[in-house]
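Here is a short, friendly tour of one protein model. Have a look at the picture and the sequence, then read on.

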Amino acid sequence: MNRTGRLLCALHLATAAGLALTAVEEFRHGPLWAGFLFTAASVVPVISVVRETVIEDLLRDAALTDRRVFRAADDIVRASLDAACCERWWTSLGTDHDAACPHRVPRSSAA
């Protein structure tokens, strides 16, 4: 997790702690409904911390998958370039060969 994510999680946890302390004070000295309200409100920042960590894990997994896909694509391109016969064959989309190419098929004038 990066610095921003850690800072955000720390702020969420501090908010949850503050709301939990307020809930305790409301249960002691205030109306009961306010205590339950602050208790429910103190759970929300904890949920957001869990969400931030899950999102971070998903982004890390997606980055690893992207790297694998790019490596596979690089391997395919490299194999295609290595299999290229000659310059003219590559630029003519496989229809013609250079005169010095060993894969060149001589054309017959007999039709």
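## How two helices meet

Let's start with a crossing: helix α1 passes helix α2 in a left-handed way. Keep in mind that you're looking at a predicted model.

Now for some geometry. Two packed helices are described by the angle between their axes and the distance between the axes. Here α1 covers residues 3-29 and α2 covers residues 32-83, and the two pack at about 165 degrees with their axes 8 Å apart. An angle over 145 degrees counts as roughly antiparallel, so α1 is roughly antiparallel to α2.

What kinds of residues make up the contact of α1 with α2? They divide into 16 nonpolar, seven polar and two charged.

Part of α2 also turns up in a database. In an unreviewed entry, UniProt lists residues 32-50 as a "transmembrane region". In the model, that stretch is 100% helix and 0% strand, and its end C-alpha atoms sit 28 Å apart.

## Three residues to find

Try picking out V50, M1 and H97 in the picture. V50 has its place in helix α2, M1 lies in the segment before α1, and H97 is found in the segment after α3. Each one can be paired with a residue from elsewhere in the chain, as the table shows.

| Pair | Distance along the chain | C-alpha separation |
|---|---|---|
| V50 and C9 | 41 residues | 8.8 Å |
| M1 and D57 | 56 residues | 8.5 Å |
| H97 and C86 | eleven residues | 6.6 Å |

Is H97 buried or exposed? Its relative accessible area is 18%, and buried means under 20%, so H97 counts as buried. V50 has a relative accessible area of 47%, which makes V50 partly exposed. M1 is partly exposed too, with a relative accessible area of 29%.

## How sure is the predictor?

Across the protein, pLDDT averages 84, and 95% of the residues score at least 70. Where is confidence highest, and where is it lowest? Helix α1 comes out on top with a mean of 92, while helix α3 (residues 87-91) is at the bottom with a mean of 75. As a rule of thumb, where pLDDT is low, the predicted coordinates should not be read in detail.

Methods: Residues are numbered from 1 along each chain as its sequence is written. This is a predicted model: local features need pLDDT of at least 70, side-chain atom pairs count only at pLDDT 80 or more; totals for chains, interfaces and linings use all residues. Side-chain values use heavy atoms; hydrogens and water are left out. UniProt positions are given in the numbering used here, feature names are shortened, and annotations may be inferred rather than shown by experiment. Helices (H or I, at least four residues) and strands (E, at least two) are DSSP runs, numbered from the N terminus. Axes are lines fitted to C-alpha atoms, for helices over the stretch in contact, and angles run from 0 to 180 degrees between N-to-C directions. Angles under 35 degrees count as roughly parallel, over 145 as roughly antiparallel, 65 to 115 as roughly perpendicular and the rest as oblique. A crossing is left-handed if the near helix is turned anticlockwise from the far one by less than a right angle, and right-handed if clockwise. Ala, Val, Leu, Ile, Met, Phe, Trp, Tyr, Cys and Pro count as nonpolar, Asp, Glu, Lys and Arg as charged, and the others, Gly among them, as polar. pLDDT is the predictor's confidence in each residue, from 0 to 100. Buried means under 20% relative accessible area, exposed over 50%, partly exposed in between (1.4 Å probe, protein chains only).
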